[in-house]
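User: I would like to learn how to read helices and their packing in a protein model. Could we go through it step by step?

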Amino acid sequence: MGDWKGSGGLDAAGVRRVGIAHDWMTTYAGSERCVDEMLCAFPDAEVLTSVMRREALPASLQRARPSFLQRLPGAARYHEWLLPLMPVAWKLRRPLAGVDAVITSSHACANAVRVAGDVPVLCYCHTPMRYAWNFEAERRRFPRAAQPPARVAMRWFRGWDRKTAERVTRFVANSGAVADRIERFYGRAAKVIHPPVRTEFFRPGGERGDEFLYAGRLVSYKRPDVAVKAFEGLPYRLNVVGSGHLAERLRTEAPPNVSFLGEVSDSELRRLYRTARALVFPGEEDFGIVMAEAQACGTPVIALRRGGALDIVEDGVTGWLVDEGKPADFRNAVRRAAVETLDSAAIHRSAERFSRFRFREEIRAAVEEMVLAHRGVLVPQLEVDAERQLDGITSARSRT
């Protein structure tokens, strides 16, 4: 890694040390995997977070240092209820010092990290804070009695979040949809660097079958209920992988051609991807790593024509995009997928653009470019590229 050179023109010795701030680490999901890959690009990075659940994390993330919130009983389990305290938790920490750059891995409060001196900050934005900017869609997370005061609190958080975002030197978004939100909420351009996918592990293999697959948490916003209801009256089978608060209800309401497999190992998930006729993915995601994993295995994806799916699925080439999120619309797409055959090799090749190694290169180059521009060494080409990319995204979406 010490001999690695990024495309920004500054070798690894030029950015000697970075700090990484991540909102919280209570599970090892998509955003935590991004931090893990950032640590492959910057092995000596100092990592800060608000609360963490060490037993859920790999050894590589054990170096993270939590805030005082970690000492509160049940902090890791009930971290979302601690959101009102997180601005204070970040403010009370000592500033990150002795670094050439700071990366914030943020979907909530990490942009509030304190930085010593004139150190540039790159925000890898998973999404602007959902609670604040899209409260009506998120209000089901709150008990009914808590929703009115939460709505008032989120108005304050919107102003705080916008002001905190002003500290960021440059934004990077994980998808075109998130880049749109950054421009809309913060008035800033963002270059898109897609999250890392284990394309070296998720690869084609075996014989494709006729059964369909849903993989993901069984929670409201991922809309597994739409996938299950879509198979009512169809002669095809759906395998459901995952767990969550909707599991019992879905099992009770599911037609007989739907099977629930619960949590499975990575190897078993790969086998299911490889043999599925298609992945059915009704939820709107900021990116959607499950879709990219399935495509890395050569499996087409049936997805809603929104969010991260627009970056992953090419309609009629690597899958099928559905205009409305109703069971009947997905049922029609399943019927289409059952009789149409897409090129598995082409689907796999398309997914290679999401590899972990590409992510490391691009995040390293983005930091190097920012540091050089901050030092006045280079023209800030990243901002120019981001503006062009945002224009391209806006033009493309206006045609859909």
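Analyst: What follows is a walk through a few features of this structure, which is a predicted model.

User: Let us begin with one helix: how many residues does α1 have, and what distance does α1 reach from its first C-alpha to its last?

Analyst: Helix α1 covers residues 30-41, which makes 12 residues, and it reaches 17 Å from its first C-alpha to its last. That is close to the 16 Å expected at 1.5 Å a residue.

User: Is α1 largely enclosed by the rest of the structure or not, and why?

Analyst: Here we take buried to mean under 20% relative accessible area. Nine of the 12 residues of α1 are buried, so the helix is largely enclosed by the rest of the structure. Among the buried ones are Cys-34, Val-35, Met-38 and Leu-39, and also Glu-32, Asp-36 and Glu-37.

User: Which elements do the buried residues of α1 pack against?

Analyst: They pack against the strands β1 (18-22), β2 (46-48), β3 (101-106) and β4 (121-125), and against the helix α14 (356-374).

User: How should I read the packing of two helices?

Analyst: In general, two packed helices are described by the angle between their axes and the distance between the axes. For α1 and α14 the angle is about 65°, with the axes 9 Å apart, and the two helices are therefore roughly perpendicular to each other. α1 passes α14 in a right-handed crossing.

User: Which residues of α1 and α14 meet?

Analyst: Cys-34, Glu-37, Met-38, Cys-40 and Ala-41 in α1 meet Arg-356, Phe-359, Arg-360, Ile-363 and Arg-364 in α14. The residues of this contact divide into six nonpolar, no polar and four charged.

User: At what angle do α10 and α13 pack, and how far apart are their axes?

Analyst: Helix α10 (residues 289-296) and helix α13 (residues 344-351) pack at an angle of about 135°, with their axes 7 Å apart. They are therefore oblique to each other, and α10 passes α13 in a left-handed crossing. Ala-292, Gln-295 and Ala-296 in α10 meet Ile-347, His-348, Ser-350 and Ala-351 in α13, and the residues of that contact divide into four nonpolar, three polar and no charged.

User: Finally, what is phi of Arg-223, and where is the place of this residue?

Analyst: As a general idea, most residues other than glycine have a negative phi. Phi of Arg-223, however, is near 55°, a positive value in a residue other than glycine. Arg-223 has its place in the loop between β7 (212-215) and α7 (224-230), and at 33% relative accessibility it counts as partly exposed.

Key:
Residues are numbered from 1 along each chain as its sequence is written. This is a predicted model: local features need pLDDT of at least 70, side-chain atom pairs count only at pLDDT 80 or more; totals for chains, interfaces and linings use all residues. Side-chain values use heavy atoms; hydrogens and water are left out. Helices (H or I, at least four residues) and strands (E, at least two) are DSSP runs, numbered from the N terminus. The expected span of a helix is 1.5 Å times one less than its number of residues. Buried means under 20% relative accessible area, exposed over 50%, partly exposed in between (1.4 Å probe, protein chains only). Contact means heavy atoms within 4.5 Å. Axes are lines fitted to C-alpha atoms, for helices over the stretch in contact, and angles run from 0 to 180 degrees between N-to-C directions. Angles under 35 degrees count as roughly parallel, over 145 as roughly antiparallel, 65 to 115 as roughly perpendicular and the rest as oblique. A crossing is left-handed if the near helix is turned anticlockwise from the far one by less than a right angle, and right-handed if clockwise. Ala, Val, Leu, Ile, Met, Phe, Trp, Tyr, Cys and Pro count as nonpolar, Asp, Glu, Lys and Arg as charged, and the others, Gly among them, as polar.
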